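This note is addressed to a colleague who is meeting the structure for the first time. The points below take up the ligand site and then the contact between the domains.

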Amino acid sequence: MTHEAGWAHAPGALRGPAWLSAPADVNALVPQLWSSTAHKRDGDLVVGGIAVADVVAEHTTPAYVLDEEDFRGRARAFRDAFEGWDVYYAGKAFLCTEVARWVADEGLHLDVCSGGELTVALRAGVDPRLIGYHGNNKTVAELRRAVALGVGRIIVDSLTEVERLEMITRDTGLTARVMVRVTAGVEAHTHEYIATAHEDQKFGLSITSGDALEAVRRLAAAPGIELLGLHSHIGSQIFDAAGFEVAARRVLGLHARVADELGVTMPEMDLGGGFGIAYTTQDDPSTPAALAEAMRAIVAHECRALGIEQPRFSIEPGRAIVGPSMCTVYTVGTVKPVTLDAGAVRTYVSVDGGMSDNIRTALYDADYSCTLAARDSDAPALLARVVGKHCEAGDIVVRDEFLPADVAPGDLLAVPGTGAYCRSMASNYNHALRPPVIAVRDGVARVVVRRETEDDLLATDVG
Ligand code: LLP
């Protein structure tokens, strides 16, 4: 039976997770989840000075809306807070030529982790010397290309890669500038799939096993190789500075040992990215200024304790720059109340995208939030689950969120915080067309990545 006030008021209504309570105003934005220019105006979600309803009236849904001022502001905030350090934007979070240009404009360097990302950076005109090149399985061809281009730093991830670089520099007479990715043996408090500094995973060379020191010894001795320093990345979506502290201590310990035992003072050190952002009211991220203060204190303390000069440090934030800069705008297609065993009702709100444009909910149990983007509602708050249109029960976009109980087909729904690892991990599952990225600024919307077409899908189908 339907209660006149909506499903949420029916007997046995679902409560949702303990942390989620019905908002005082279901139309209001939770500001810390949204890009800096986002606000509501008479029910319209406005980003970059333009109503997203107007953006999608022209470009349709689903669409990623990218707030240029917000992106640039976050890039600048990291650059300024970490003055004296180098900030590499981690392009894996999201990269296109336009964004690569913004990164360079704002004085950041760029971290790429594949030949494809390198190509995008070069197409954007990024100076190869400002590029760091990651990857746990770079091929000989990829390494040759990076060395020939004069990439600023190649981050070596295995002893096999050491051999490949020895060979390439010997053959070509060129110099490779390298760092060594080490695992500090830290279990960062994040999802297992995005924790990268404990020992039992594929990245880096272990400090404890001696592999890291062995790589350093060989690279330091190779004539065509300029060894810049050590690199550590402990994982992603991390809020707790304790992991960075332990990692910095261990990596600086190795750095000091290399100076003692090999007589090699490496000039640089990279402490990776991984700084968390707010996806829901439960997340409380640090500002770049607070992070910088904490990290400067950590490295100063460790260097003093070891009696060594500080190398030049760098970091690689991806998510913390682009994550909050984008939201995804969908159109609601169906609203389906489903009666569960206990008699409670869950309302499934289906949108015109899903796991093909945001795999993070399914892959990492990530939580998101959402809001109606083109109207205010007086209806009471209803606990809903926003799902996509894919042939998969796990195709969930927002597991639990309060929406107005009159949410209906045709409504626009916007999900904040989708800038990082959503478009970049998007797929064509079920032959979905990957959505466009539309940059908004000063009331103007500009497509920076266009929507795929069915011709794009068929372009690779040569049968
Ligand atoms: N540096 C290195 C060496 C990395 O491997 C990563 C991320 C970063 C920097 C940037 O981390 P961020 O600041 O963006 O957290 N797909 C997962 C995240 C994978 C992160 C991979 N590496 C997700 O959606 O949560």
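1. A polar contact is a pair of N or O atoms within 3.5 Å. By that cut-off, the 2.8 Å between an oxygen atom of the ligand and a polar backbone atom of G274 qualifies as a polar contact. The model under discussion is a predicted one.

2. Side chains also approach the ligand through polar atoms. In Y364, an N or O atom of the side chain is 2.8 Å from a nitrogen atom of the ligand. For K92, the distance from a polar side-chain atom to an oxygen atom of the ligand is 3.3 Å. On its own the ligand has 580 Å² of accessible area, and the protein covers 91% of it.

3. The surroundings of the ligand comprise 19 residues, of which S236, E316, R319, R360 and Y421 come nearest. By class, this shell consists of six nonpolar, seven polar and six charged residues.

4. The protein chain is assigned two domains: domain 1 covers 12-67 + 324-454, and domain 2 covers 134-317. Which domains contribute to the shell around the ligand? Domain 1 and domain 2 each supply at least three of its residues.

5. The centres of domain 1 and domain 2, taken over C-alpha atoms, are 36 Å apart. Contact between the domains involves 13 residues of domain 1 and 10 residues of domain 2.

6. The size of an interface is often given as the accessible area lost when the parts come together. Between domain 1 and domain 2 the buried area is about 1,100 Å², with 67% of it from carbon and sulfur atoms. On the domain 1 side, W19, L33 and Y364 provide 42% of the area buried against domain 2, more than any other three residues. Y364 thus appears at this interface as well as beside the ligand.

7. How many salt bridges are counted between domain 1 and domain 2? The count is zero, and the count of residue pairs in polar contact, both at pLDDT 80 or more, is likewise zero. The side of domain 1 that touches domain 2 comprises eight nonpolar, three polar and two charged residues.

Conventions:
Residues numbered from 1 in each chain as written. Predicted model: local features only at pLDDT ≥ 70, side-chain atom pairs only at ≥ 80, totals over all residues. Heavy atoms only, no water. Near = heavy atom within 4 Å. Polar contact = N/O pair within 3.5 Å; in protein donor to acceptor, adjacent residues only side chain to side chain. Areas by Shrake-Rupley, 256 points an atom, 1.4 Å probe, with all protein chains shown as cover. Nonpolar A, V, L, I, M, F, W, Y, C, P; charged D, E, K, R; others polar. Domains from an automatic or database assignment. Contact = heavy atoms within 4.5 Å. Buried area = accessible area lost by both parts, 1.4 Å probe. Salt bridge = Lys/Arg side-chain N within 4 Å of Asp/Glu carboxyl O.
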